[in-house]
Amino acid sequence: MTGRAGNPRVGILMGSESDLSVMESAFRILDDFEVPYEVRILSAHRSPDETARYADSAGQRGVQVLIAGAGWAAHLAGVVASRTTLPVIGVPIDSSPLQGMDALLATVQMPPGIPVATMCIGRGGALNAALFALQILALNDRTLDGKLKAYRVRMTEEVLGDRNSKLTEYLANRKQEGTA
């Protein structure tokens, strides 16, 4: 499945369909930046041959960065990284009884020589994975670099502008109510 028209530059893998609600954060960021991507459900354990074929062929299809989200034992990112020299970004999913700690440790504890960039657990990790993928792509794409810089400016303006105004209003209301 391709998320945007054009040759995919980012490949997004999920260990199961249940990971979709978390990985949706990555889709939104890539859509906002108009970067083509493809999405697949592949499992390091339940579909190892297909996972290996995907990792082996991703670069030939023009994919430049891979994002792998998985829960529980979360070997997906590591298996993919073992099959390609493309950058792999792991997103631990909080789907297990251990609330993602097992996935975090499985993703971050790669043996020397097979790196996986690991994000935080859950939706924030998926969002950051997409942004990190964009930063990697922006190394050779001035337009994308400009979009990332504009994104950062907008974040700064939101924090300094609207959010501080709301905080000031909240504190003023508390003071008027005599609770400050």
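How much space lies in the largest pocket? The answer is about 200 Å³, and we will come back to that pocket after a walk through the rest of the chain. Keep in mind as you look that this is a predicted model.

Let's start with the overall layout. The chain has 6 helices and 5 strands. If you follow the sequence from its start, these elements come in the order β-α-β-α-β-α-β-α-β-α-α. Try tracing that pattern in the structure above: strand and helix take turns until the end, where two helices follow one another. To get a feeling for the dimensions, the C-alpha trace spans about 65 × 40 × 30 Å along its principal axes.

Now let's see how some of the helices pack. Two packed helices are described by the angle between their axes and the distance between the axes. Take helix H1, residues 20–32, and helix H5, residues 123–138: their axes lie 7 Å apart, at an angle of about 30°. Angles under 35 degrees count as roughly parallel, so H1 is roughly parallel to H5. The crossing of these two helices is right-handed. On the H1 side, the contact involves Ser-21, Val-22, Met-23, Ser-25, Ala-26, Ile-29 and Leu-30. Facing them from H5 are Arg-123, Ala-126, Leu-127, Ala-130, Leu-131 and Leu-134. Sorted by class, the residues of this contact are 10 nonpolar, 2 polar and 1 charged.

A second pair to find is helix H2, residues 48–57, with helix H3, residues 76–83. Here the axes come within 8 Å and cross at roughly 50°, and H2 and H3 are therefore oblique to each other. Their crossing is right-handed. Where they touch, H2 offers Thr-51, Ala-52, Ala-55 and Asp-56, while H3 offers Leu-76, Val-79, Val-80 and Arg-83. This contact of H2 with H3 is made up of 5 nonpolar, 1 polar and 2 charged residues.

With the helices in view, we can return to the largest pocket. Which residues lie nearest its centre? They are Gly-15, Arg-46, Ala-70, Gly-71 and Trp-72, which belong to a lining of 16 residues. That lining holds 6 nonpolar, 8 polar and 2 charged residues. Find those five central residues in the structure, and you will have located the middle of the pocket we began with.

Key: Residues are numbered from 1 along each chain as its sequence is written. This is a predicted model: local features need pLDDT of at least 70, side-chain atom pairs count only at pLDDT 80 or more; totals for chains, interfaces and linings use all residues. Side-chain values use heavy atoms; hydrogens and water are left out. On a 1 Å grid over the protein atoms alone, a cavity is a set of points where a 1.4 Å probe fits but cannot get out, and a pocket is an open set with protein on both sides within 12 Å along at least five of seven lines; lining residues have an atom within 4 Å of a point. Grid points are joined across faces, edges and corners, and a volume is the space filled by probe spheres set on the points. Ala, Val, Leu, Ile, Met, Phe, Trp, Tyr, Cys and Pro count as nonpolar, Asp, Glu, Lys and Arg as charged, and the others, Gly among them, as polar. Axes are lines fitted to C-alpha atoms, for helices over the stretch in contact, and angles run from 0 to 180 degrees between N-to-C directions. Helices (H or I, at least four residues) and strands (E, at least two) are DSSP runs, numbered from the N terminus. Angles under 35 degrees count as roughly parallel, over 145 as roughly antiparallel, 65 to 115 as roughly perpendicular and the rest as oblique. A crossing is left-handed if the near helix is turned anticlockwise from the far one by less than a right angle, and right-handed if clockwise. Contact means heavy atoms within 4.5 Å.
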